[in-house]
Amino acid sequence: MSLIDLKGKVAVVTGASQGLGEALAQRLDKEGCKVAVCDINIDGANAVASKLSDAMAIAVDVTKFDQCQAAAEAVLNKWGKVDILICNAAIVKSGDIFSLSPEAFKLVTDINLNGYFNTVKAFAPSMLERKSGSIIQINSKSGRKGSFKNGAYASSKFGGVGLTQSLALEFAESGVRVNCICPGNLLNSPLWVNSLFKQYAANQGITEEQVREKYINQVPMKRSCEYKDIEDVMVFLASDYSGYMTGQAINVTGGQQM
């Protein structure tokens, strides 16, 4: 039996229709949480929610504050509270400053940073009113150091760390904690396999296999970051075991970022 007890907690996960977000929603369900599966892809969100014990799916474009607000109202109407807010919605569009369009840069920033702001702004009031809760942004090692030909993503994630620390200060006396997790490269995830290997191979002029080898060789533990690595830290941050932690950006990188 786990020493950490999240049974009966209400958790919200954005960007939860697939990939890491889906894995985080499933883990929270396994830990006994009621889970709001939020995503712009409502069909995918419904599919994920249908496999969970006690869940609801909500269509949310995190770049639209009114949609985030509507999602918060829907969760409160159903369960009356929010205990855990996982801000996971994000995209990657890579390229150097000359090949990346201003529109692409803006889209990445709008989703990854503005979307984080909108989500917390919508959900935090009820948490602050109850003087309880844990807000966790899924950030990246690219939020801790620059990323080669990936400036849009790194910029948005650096901003996420700054917003996390600032919100932590704002909420410090309220009982609501704000932290972020900075994972390493999820080389076995659909995002990498279906998209990023191709993007990075093209903009770095090497093969997809060479991209994988390059990124594995940068990790002292010589393996990819996996969903479970992130899930375990999320569960810790969501629980009372991290009750004296706020404003932290926790590296989960196999030693790549210290």
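# Helix packing and empty space in a predicted model

The largest share of the lining of the largest cavity in this predicted model, five residues, comes from α4.

Student: Let's start with that cavity. How many cavities of 30 Å³ or more does a search of the whole structure find?

Tutor: Happy to begin there. The largest cavity holds about 60 Å³ of space. With 30 Å³ as the lower limit, searching the whole structure gives a count of one.

Student: Which residues lie nearest the centre of the largest cavity?

Tutor: Its lining has 13 residues, and the elements giving two or more of them are α4 and β5 (133-138). By class, that lining divides into six nonpolar, six polar and one charged. Nearest the centre are C87, N88, A89, N112 and Y116.

Student: Now the helices. Are α4 and α5 roughly parallel or roughly antiparallel?

Tutor: The axes of α4 (residues 102-130) and α5 (residues 151-171) come within 8 Å and cross at roughly 20°. Angles under 35 degrees count as roughly parallel, so the relation of α4 to α5 is roughly parallel.

Student: Is the crossing of α4 and α5 left-handed or right-handed?

Tutor: Good follow-up! On the α4 side, the contact includes F105, V108 and Y116, and on the α5 side, G159, G160 and L163 are among the residues met. By class, this contact has 13 nonpolar, eight polar and one charged residues. As α4 passes α5, the crossing is right-handed.

Student: On to the open spaces. Which element gives the most to the lining of the largest pocket?

Tutor: This pocket contains about 1,000 Å³ of space. Of the 44 residues lining the pocket, N88, A89, A90, I91 and L191 are the closest to its centre. Elements that give two or more residues are α1 (19-30), β2 (34-39), α4, α5 and α6 (190-204). With six residues, the one that gives the most is α6.

Student: How many charged residues are in the lining of the largest pocket?

Tutor: Sorting the lining by class gives 22 nonpolar and 18 polar residues. The charged class of this lining has four.

Student: And what is the volume of the second largest pocket?

Tutor: Its lining includes K141, K145 and K214, along with F148 and Y215. By class, there are two nonpolar, six polar and three charged residues in that lining. The volume of the second largest pocket is about 170 Å³.

Definitions and conventions
Residues are numbered from 1 along each chain as its sequence is written. This is a predicted model: local features need pLDDT of at least 70, side-chain atom pairs count only at pLDDT 80 or more; totals for chains, interfaces and linings use all residues. Side-chain values use heavy atoms; hydrogens and water are left out. Axes are lines fitted to C-alpha atoms, for helices over the stretch in contact, and angles run from 0 to 180 degrees between N-to-C directions. Helices (H or I, at least four residues) and strands (E, at least two) are DSSP runs, numbered from the N terminus. Angles under 35 degrees count as roughly parallel, over 145 as roughly antiparallel, 65 to 115 as roughly perpendicular and the rest as oblique. A crossing is left-handed if the near helix is turned anticlockwise from the far one by less than a right angle, and right-handed if clockwise. Contact means heavy atoms within 4.5 Å. Ala, Val, Leu, Ile, Met, Phe, Trp, Tyr, Cys and Pro count as nonpolar, Asp, Glu, Lys and Arg as charged, and the others, Gly among them, as polar. On a 1 Å grid over the protein atoms alone, a cavity is a set of points where a 1.4 Å probe fits but cannot get out, and a pocket is an open set with protein on both sides within 12 Å along at least five of seven lines; lining residues have an atom within 4 Å of a point. Grid points are joined across faces, edges and corners, and a volume is the space filled by probe spheres set on the points.
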